[in-house]
Amino acid sequence: MISKKLEEAINHQINRELFSEYYYLSMASYFNSTGLSGFENFFLVQVEEERFHAMKMYRFLNERGGRVFLKEIEAPKTEFNSPLEVFELAYEHEKLVSSMINNLMDLAIRENDHAAKRHFDWFVEEQVEEEASMETTLNKLKLVKGEGHGLLMMDNELAQRVFTPSVK
Ligand code: MG
């Protein structure tokens, strides 16, 4: 049986993963409106990643005898000025999520909940990939100054991204 503190914290994290899904869907919609379908695809895959994160937390909490309580998800930002701005925000967002996962791990350690620690371990590793994915694309965008032929080459590259759920 999971502690009340961890139950509350995981419920909050489910809300934040679902907000991430909403935020990235808003970014996908922005790219759709600009005709950059590869960038749109990148964020549509990210949307699936975020749903996967939320569901992984959902399943764990239920397995441990906790209960999922869904709360309101606030509206995300809807207007963006450039692809560069989108990736700056996405990278900042993933760093924020990493700090949330670290806080969850700190709580699991304080509660001496080894199963929760193992569960959060997956997310610690996942966040390394999430930050790297956003930072790599942000850096490439900076190299091509967010425009021109370079931007279109990136759009072609990002069109190849597919969602591959982890089997772990
Ligand atoms: Mg996530």
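**A colleague's note on the magnesium site and its helices**

1. Let us start with the metal. The magnesium ion takes its protein donors from Glu17 (OE), Glu50 (OE) and His53 (ND1), which lie 2.1 to 2.2 Å from the ion. Please keep in mind that this is a predicted model. Along the chain, the donor residues follow the spacing E-x32-E-x2-H.

2. Two of these donors share a helix. Glu50 and His53 both belong to helix α2 (residues 37-63), where they are three residues apart, about one turn of the helix. Are they buried or exposed? Glu50 has a relative accessible area of 1%, which is under the 20% limit, so Glu50 counts as buried. His53 is also buried, with a relative accessible area of 1%.

3. Staying with α2, you may like to look at its pairing with α4 (114-143). The axes of α2 and α4 come within 12 Å of each other and cross at roughly 170°. That angle is over 145 degrees, so α2 runs roughly antiparallel to α4. The residues of this contact divide into 13 nonpolar, five polar and five charged.

4. It is worth seeing who takes part in that contact. On the α2 side, the participants include the metal donors Glu50 and His53, along with Phe39, Phe42, Phe43, Phe52 and Phe60 among others. From α4, they meet residues including His119, Phe120, Trp122, Phe123, Glu126 and Glu130.

5. Glu49 deserves a point of its own. This residue is in helix α2, and Glu49 is buried, with a relative accessible area of 12%. Which residues does Glu49 touch, not counting those up to four places away in sequence? They are Glu126, Glu130, Arg161 and Phe163. Glu126 and Glu130 are in α4. As for Phe163, it is 114 residues from Glu49 in sequence, yet the two C-alpha atoms are 7.1 Å apart in space.

6. Gly38 is another α2 residue with distant partners in sequence. Its relative accessible area is 0%, so Gly38 counts as buried. Leaving out residues up to four places away in sequence, Gly38 touches Asp155, Leu158 and Ala159. The C-alpha atoms of Gly38 and Leu152 are separated by 8.8 Å, although these residues are 114 apart along the chain.

7. Now for the other helix pair. Helix α1 (residues 4-34) and α3 have axes that come within 11 Å and cross at roughly 170°. This makes α1 roughly antiparallel to α3. By class, their contact has 20 nonpolar, three polar and four charged residues.

8. His93 gives a closer view of α3, the helix in which it lies. At a relative accessible area of 9%, His93 is buried. Setting aside its neighbours within four places in sequence, His93 is in contact with Phe19, Ser20, Tyr23 and Tyr24.

9. The helix lengths can be checked against simple geometry. How far should the 28 residues of helix α3 (residues 83-110) span at 1.5 Å a residue? The expected span is 1.5 Å times one less than the number of residues, so α3 should span 40 Å, and its end C-alpha atoms are 41 Å apart, which agrees. Helix α1, with 31 residues, reaches 46 Å from its first C-alpha to its last, close to the 45 Å expected.

10. Backbone angles after the helices are worth a look too. Just after α1 comes Gly35, with a positive phi of about 85°. After α3 there is Asn112, whose phi is positive, near 55°. Most residues other than glycine have a negative phi. Asn112 takes its positive phi although it is not a glycine. This residue lies in the loop between α3 and α4, and at 53% relative accessibility Asn112 counts as exposed.

11. What is the phi of Lys145, another residue that is not a glycine? It is positive, about 55°. Lys145 is found in the loop between α4 and α5 (148-158). With a relative accessible area of 64%, above the 50% limit, Lys145 is exposed.

Notes. Residues are numbered from 1 along each chain as its sequence is written. This is a predicted model: local features need pLDDT of at least 70, side-chain atom pairs count only at pLDDT 80 or more; totals for chains, interfaces and linings use all residues. Side-chain values use heavy atoms; hydrogens and water are left out. Helices (H or I, at least four residues) and strands (E, at least two) are DSSP runs, numbered from the N terminus. Donors are N, O and S atoms within 2.8 Å of the metal (3.2 Å for Na, K and Ca); water is not among the atoms, so sites may look incomplete. Buried means under 20% relative accessible area, exposed over 50%, partly exposed in between (1.4 Å probe, protein chains only). Axes are lines fitted to C-alpha atoms, for helices over the stretch in contact, and angles run from 0 to 180 degrees between N-to-C directions. Angles under 35 degrees count as roughly parallel, over 145 as roughly antiparallel, 65 to 115 as roughly perpendicular and the rest as oblique. Ala, Val, Leu, Ile, Met, Phe, Trp, Tyr, Cys and Pro count as nonpolar, Asp, Glu, Lys and Arg as charged, and the others, Gly among them, as polar. Contact means heavy atoms within 4.5 Å.
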